[in-house]
Amino acid sequence: MRKVIIAGNWKMNKTLAEASDFMDAVIPKAPGGNTEAIVCAPFVHLPALVEKAKGSNVKVAAQNMHFEESGAYTGEVSPTMLTDIGVTHVVIGHSERREYYAETDESVNQKTKAAFAHGLTPIVCVGETLEQREANETMDVVGGQVKKALAGLSDEQVTQTIIAYEPIWAIGTGKTASSEDANEVCAKTRKVIAEITSGDIADQVVIQYGGSVKPANIDELLSQSDIDGALVGGASLEPESFVQLVEAGTK
Ligand SMILES: O=C[C@H](O)COP(=O)(O)O
């Protein structure tokens, strides 16, 4: 059975009490097995959530980090700080960070390298705008983002990288890419990875789809050949919905 990774990206949502209640509800129901469940939480909740998740099938991720270990970067959080508290994964280059916080392909690459240097698994986000899709530039954009993000990584590191393909026009809009369209981009992304490494390595890379994923469409998305999971925003906020998404991975 292939490995499936369902990551819930809470973005800037939930108080600590709400986050704790969510974990209490989800942890006993997280199935484990071939399906990995990851909660991507705001920085301030990470220590408490890591503590709660110990010994469970739920992993805890940060939604961003700096690439330096320490220094004069007011307001930032380093990879060392994340590993120190037991965080295992980190989202890098989400389109909201690219758009609102000037994240670039170069900083995504620096952060991806820093994640591996500190034993963190990166979830690297890529995706095109509606204008780019309509101009038939999707693969130029997505392929370029993937190549730049993975530049300088070892084959082993590429194997471990999680790629999240999120068409920007489908994020939080209720507009999901059709499962066939999403799969086509994920398959072509795998080919790009094969070109820079090898087919064997590309086959092992987990490629998630993200953008208005919900319990109603997860089965169809996961039935596609090249979609190995999902990065979920809105539908990951409620425990019941998140558990349904994770359970879909076990089917
Ligand atoms: O990180 C998650 C994505 O931005 C998708 O968000 P959404 O599921 O609310 O569309």
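Begin by selecting strand 1 (residues 4-9) together with strand 2 (residues 35-41), which in this predicted model pair in the parallel sense over 6 bridges. Within this pair, pick out Val4 and look across to strand 2, where Thr35 stands opposite.

Now extend the selection to the whole sheet, whose 8 strands form a closed barrel in the order 1-2-3-4-5-6-7-8, with parallel pairing. As you rotate the view, note that neighbouring strands of this sheet are turned by 25° against each other on average, if direction is ignored.

The next stop is the largest pocket, which holds about 460 Å³ of space. Select Lys11, Met12, Gln63, Arg97 and Tyr101, the residues that lie nearest its centre among the 14 that line this pocket. Then colour helix 4 (residues 95-100), since the largest share of this lining, 3 residues, comes from that helix. If you colour the lining of the largest pocket by class, you will find 7 nonpolar, 4 polar and 3 charged residues.

Keep helix 4 on display and move to the second largest pocket, which has a volume of about 290 Å³. Its lining is made up of 17 residues, and those to select for the centre are Ser95, Arg98, Gly127, Thr129 and Ile168, which lie nearest to it. Helix 4, strand 5 (121-126) and helix 7 (138-150) are the elements that give two or more residues to this lining, and helix 4 gives the most, with 5 residues. Coloured by class, the lining of the second largest pocket divides into 6 nonpolar, 7 polar and 4 charged residues.

Key: Residues numbered from 1 in each chain as written. Predicted model: local features only at pLDDT ≥ 70, side-chain atom pairs only at ≥ 80, totals over all residues. Heavy atoms only, no water. 1 Å grid on protein atoms, 1.4 Å probe; cavity = no way out; pocket = protein on both sides within 12 Å on 5 of 7 lines; lining within 4 Å. Points joined across faces, edges and corners; volume = space filled by probe spheres on them. Helix = DSSP H or I, 4+ residues; strand = E, 2+ residues; numbered from the N terminus. Nonpolar A, V, L, I, M, F, W, Y, C, P; charged D, E, K, R; others polar. Pairing = 2+ DSSP bridges. Axes fitted to C-alpha atoms, helices over the stretch in contact; angles between N-to-C directions.
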